[in-house]
2 protein chains.
Amino acid sequence: MSKKYDVPYKMYLEEKEIPKKWYNVRSDMKVKQAPLLNPGTLQPMGAADLSPVFCEELVAQELDDATAYYDIPDEIHDFYKIYRPSPLMHAEYLEKALDTPAHIFYKFEGNNTSGSHKLNSALAQAYYAKKQGLKGVTTETGAGQWGTALSMACAFFGLDCKVYMVKVSYEQKPFRREVMRTYGAEVTPSPSDTTNIGREILKAHPGTTGSLGCAISEAVEVAVTNEGYRYVLGSVLNQVLLHQSVIGLETKAACDKYGIKPDMIIGCAGGGSNLGGLIAPFMGEKLRGEADYDIIAVEPASCPSFTRGKYVYDFCDTGMVTPLAKMYTLGHDFIPSANHAGGLRFHGMSPVLSQLYHDGYMRAVSVEQTEVFKAAELFARTEGILPAPESSHAIRTAIDEALKCKETGEEKTIVFGLTGTGYFDMVAYEQFNNGTMNDYIPTDEDLAKGFASIPKRSDGSYIE
Amino acid sequence: MSKKYDVPYKMYLEEKEIPKKWYNVRSDMKVKQAPLLNPGTLQPMGAADLSPVFCEELVAQELDDATAYYDIPDEIHDFYKIYRPSPLMHAEYLEKALDTPAHIFYKFEGNNTSGSHKLNSALAQAYYAKKQGLKGVTTETGAGQWGTALSMACAFFGLDCKVYMVKVSYEQKPFRREVMRTYGAEVTPSPSDTTNIGREILKAHPGTTGSLGCAISEAVEVAVTNEGYRYVLGSVLNQVLLHQSVIGLETKAACDKYGIKPDMIIGCAGGGSNLGGLIAPFMGEKLRGEADYDIIAVEPASCPSFTRGKYVYDFCDTGMVTPLAKMYTLGHDFIPSANHAGGLRFHGMSPVLSQLYHDGYMRAVSVEQTEVFKAAELFARTEGILPAPESSHAIRTAIDEALKCKETGEEKTIVFGLTGTGYFDMVAYEQFNNGTMNDYIPTDEDLAKGFASIPKRSDGSYIE
C-alpha cells in the first residue's frame, strides 16, 4: 500500500461546503441526447405534454439542455444538512487486503435512512411539488428504496405521498413498506382496486402479484386524475441526473480539497441516476477537453443494457404508458431472470448516459452476481460497510481494476460510487452465504425476445 | 426556536480528535460499586476466578477501580476511523416541531453496519482476545445487535467468532443472522447439540425455542472447554462501560468545541452500556464537584429495574451461570411481557450505574412503549433518522423534558444518546403503524414473582 495520499479515512466536507448549485451535464454535450417522443405521433414531447404528469419546474429542468448550473433552493439545503455532505472514504483496508498499488476511494451515499442516493432527487422533486402548491405526489416502487426516499422527503415538506408497491414486494418485503408508512406514506399493493387500470388488471389476472409496469400505470393514473397531484420518478430522467449531480460535485470538491486525482471513476448503472450524478462534473471536464478520466458503467450480466442492448427508441416501462426515449435498451418486455438479486433490473438506460456512451465518453462492463457478492463480502469484512447489491457491482469492478494494477504495477487512483447499504437485501446475502446463489446470463435468444418488444416503424425499422 | 447555538446541524470531530484514552468513572466514585461474588462461596471474584472465562486484559480492566484513564491501543483506532467520530447532531427540526425554547442535541451512534453503539466494546474485546493470541471468542445474542457488532470486530481482527443465537430469533429474525454470517461468524441456534447444556435442555424440552439464559450457558461452556477461546459480553460489565466511555468523551469534546453547555443528559438503559458510556465524563465532573448535570436513565415501564427493582445481589442471567452482581434487579427470572418491543429487556443493571443511582448522582424514569413509538415517529419525520426502539426511550424523555421547558419557558440544553437505528426492528414499527401495539406495566404481583428468584441467605435475607 503506497503512501501517495496522506488523507483521513473519512473525508467530510463542512456543511458550508455542500454544493450551492447543481450541474447540468447536457449543457456541455456537443451532441445532445435525443428528445422524448410522443409514442402516438412520434413528435418530441414539450412542456405542454409533460406538465399534466410532472411538476412545472421539473418539466423545465427536464427540457433544458442549455443551462449549465442551477441554484439549489435554500429549502433543499435545509434537508441536505441532515444527511449531506456524504463522506468520501479512503478504502485503505480494501487496498491492503488486495495488496494493490492502486488507490481506492469511494463516495458513500448510504448514510441516510432511505439507505441510498435516491433521496437526492426525491428531496428535489418533493420540494418543487410543494412549491407549486400541490397536495401530493404519486410514485411506484419495487423493493422500496425509491419509495422510502420519497416518503422521507414528503414527510419533511408536509406533502401527501401515495406509493404503489408491486404486490409481491408489498407482501414479501414488508420492512421497507413499514419504513414508508412510518414516514406517513400511503402504500398500496399494486395492482389495486383504487385505479381503473388496476381494476382491469385484477379482473383479467385475478391472482397476479403485480409488476413495476403496472405500478407505474396506477401511479400515473392517480396523478393525472386527482387535482393537486403529480407523478414523480427516481431514475432515467434528465432532471434526476441534474439533482444527483450533487454526488459528483461533492466528490470533486473533496478530491480537490484533499489533493486526490482520480484516473478512473466507476459507478453501477441501472437507470443511471447514480452514475449520471457521480460522473457529472468529471464528464463536464472531459466534454470541455479540460481533463480525461476513464469512466466505467457497471451493469449486471443478467440485464446488460449498455453492453448488449440496442441504441433505439423504446418505452421506459413495460406498461407502455411513458413517452419513448432513445436509449440503450433490451426491449421494454425484457425482464431479468428471477435469479437476479437486487436492483439494476431496468431494461433501458438514461438517454443522457446513452448518448455519452454512444459517443465514446465512457465505457461499460458487465459483471456476474456471484462475483459481485464475493466483492461485497470482502468489502464488508475489510471496510465495515455492508453494501447494497447494486453498489456491489461498482465494488466488483473497482476490485478488478485494482487487481489489474497489481499485475502492471500501476498506481492508479480509483474513485467509485457506493450508492447504498444492503440492510434490506439480506435475503440475497442469505442465498450467497448458503451457496445457493446462481448466475444467469441471457442467451442471444433470450435477448431476441426482449428486442421483439421494441416499437418499430411501419417499414419494420427501429425508431432512431 | 432560540438562536443560542450557532452550530452546524451535524458536528463531526476530526479523525485526530477521536479520544486517545478511555475514562474509568469508577476512579472518581467515592463509594465504589460492590464486587462480583462467587455464587457458591459468596466471596468476591478475583482475576483467577474470571480468567478462565474472560481475556486477561479485560479481567484486569474489570477489576480496576483506580486507574482513571486507559490508553486506547492503535489497532483499535485503526477500526475507530471507519465509523468514528460519530456525529453530535443539533435536533433543530425536532425543536421546531415541538416549538420549545429548549436546545436539543443527540449523539448518534447508529452510523455503522452493526447499527448501534455495541461496536465500541465488541471492537475492544476482540482486540484484546487477538492480542492474547486466542483463536476466537464466543457469545450469545438475542435479536442480534451485539452479535453483529462482534462479528464485524472479529472479521477486522481475523478472529473466529461463535455466536449462540436464541432459536426463535434465529428462525424468525434471519436478517441480522445473515449479517453475522456475511462477516464470517458461525451462528448456531440455541439450544443446540454442540454443547452438553444444550443437549440436556433439548432432551428435557424437545420443542423449546430457546432463551437468552440458555444461549449464555452454551457460549460460556464452549469458551471454557475449547482451548484458545474466551467468552465476551456486550453490557453490564465494568469493562464495557470503560470501552463505551468513548461515546461520552466524544460528546464532551464536541460540546466543548462548539460551546454547548448541557444542563441535562439523557440515555436509555437496559444493561447500562450506552448510558454508562454517554455520561462517563460528565459524571466524572459531577463526582469531582466540578460541574452539575441532571442525568436521566430512561427505562421501559415493562422492565423497570431502576424505578421498581431491588438493590441487592442477583445473577446476571436466567441460567444462573454468571457471578452474582449487586445491582437494581427485578429478579433473574423476570421476563418482560411478550408485548415488549425491542431491547432493554434485561432484568438487572450495570453495578456501577446502580451504585451511582443509589447514591443520588442520577435519576431514572420509565416510559410506556406506545408513547416511545410516538416519539420515534415524530423524530423520524422531523430529523430523518429512523431510531431503534431502545434509543426511542431516550427520545421520548428528551421530548417530554423539552415540552416541560415550553411550559416553563426555560432554555435548557438537552443532550441525549441515540444509540442506534431501527432498520431491523420494523416488525415493532408495523405493530405501531397498524395500531396493534399494546403497553404493559407489570403489576406488583408480577414483580413479586420475579423478586422471588433473587438468591437469599439461609436466614431469608437478600445478599446486600
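**Exercise 1. Polar contacts across the interface**

Work out how many residue pairs are in polar contact across the interface of chain B and chain A, and which elements of chain B take part in the touching side.

*Step 1.* Start with the rule: a polar contact is a pair of N or O atoms within 3.5 Å; within protein, one must be able to donate a hydrogen and the other to accept it, and residues adjacent in sequence count only if both atoms are side-chain atoms.

*Step 2.* Apply it across the interface of chain B and chain A, and you get 30 residue pairs, both residues at pLDDT 80 or more.

*Step 3.* Now look at the side of chain B that touches chain A: helix 3 (74-83), helix 4 (92-98), helix 6 (145-157), helix 8 (174-182), helix 15 (369-383) and helix 17 (426-434) of chain B each give two or more residues. Helices (H or I, at least four residues) and strands (E, at least two) are DSSP runs, numbered from the N terminus.

*Step 4.* Sort that side by class, and you find 24 nonpolar, eight polar and 13 charged residues. Here Ala, Val, Leu, Ile, Met, Phe, Trp, Tyr, Cys and Pro count as nonpolar, Asp, Glu, Lys and Arg as charged, and the others, Gly among them, as polar.

A word on the ground rules: this is a predicted model, where local features need pLDDT of at least 70, side-chain atom pairs count only at pLDDT 80 or more, and totals for chains, interfaces and linings use all residues. Residues are numbered from 1 along each chain as its sequence is written, chains are lettered from A and ligands numbered from 1 in the order in which they are written, and side-chain values use heavy atoms, with hydrogens and water left out.

**Exercise 2. The area and the charges**

Find the area buried between chain B and chain A, and count the salt bridges between them.

*Step 1.* Count who takes part: 45 residues from chain B and 45 residues from chain A are in the contact (heavy atoms within 4.5 Å).

*Step 2.* The buried area (the accessible area, 1.4 Å probe, that two parts lose on being put together, summed over both) is about 3,900 Å², and carbon and sulfur atoms give 57% of that.

*Step 3.* On the chain B side, B:Thr182, B:Arg381 and B:Tyr423 lose the most area to chain A, together 17% of what that side buries.

*Step 4.* For the charges, look for salt bridges (a side-chain nitrogen of Lys or Arg within 4 Å of a carboxyl oxygen of Asp or Glu). There are four between chain B and chain A. One of the pairs is B:Glu92 with A:Lys81, at 3.1 Å, N to O.

**Exercise 3. Two sides of a helix**

Which residues of helix 18 of chain B are buried, and why do they line one face of the helix?

*Step 1.* Buried means under 20% relative accessible area, exposed over 50%, partly exposed in between (1.4 Å probe, protein chains only).

*Step 2.* In helix 18 (residues 444-451) of chain B, the buried residues are B:Leu447, B:Gly450 and B:Phe451.

*Step 3.* Look down the axis of helix 18 of chain B: the buried residues fall within an arc of 100 degrees, so they line one face. The arc is that of the directions from the helix axis to the C-beta atoms.

*Step 4.* Flip to the other side of helix 18 of chain B, and B:Glu445 and B:Lys449 are exposed.

*Step 5.* The cover over the buried residues of helix 18 of chain B includes helix 13 (305-308), strand 12 (310-315) and strand 13 (324-329) of chain B.

**Exercise 4. A salt bridge inside chain B**

Are B:Lys107 and B:Glu250, which meet in a salt bridge, buried or exposed?

*Step 1.* Their side chains meet at 2.7 Å, N to O.

*Step 2.* The pair links distant parts of the chain: B:Lys107 sits in strand 5 (residues 103-108) and B:Glu250 in helix 11 (residues 238-258) of chain B, 143 residues apart.

*Step 3.* B:Lys107 has a relative accessible area of 1%, so B:Lys107 is buried. B:Glu250 is at 0%, so B:Glu250 counts as buried too.

*Step 4.* Compare the pair of B:Lys162 and B:Asp160, with their closest N and O atoms 3.5 Å apart. B:Lys162 is buried at 15%, whereas B:Asp160 is partly exposed at 27%.

**Exercise 5. A buried glutamate**

What does the side chain of A:Glu62 reach at 3.0 Å?

*Step 1.* Find A:Glu62 in helix 2 (residues 56-63) of chain A.

*Step 2.* At 6% relative accessibility, A:Glu62 counts as buried.

*Step 3.* Leaving aside neighbours within four places in sequence, A:Glu62 is in contact with A:Arg26, A:Leu237, A:Asn238 and A:Gln239.

*Step 4.* The side chain of A:Glu62 reaches the backbone nitrogen of A:Gln239.
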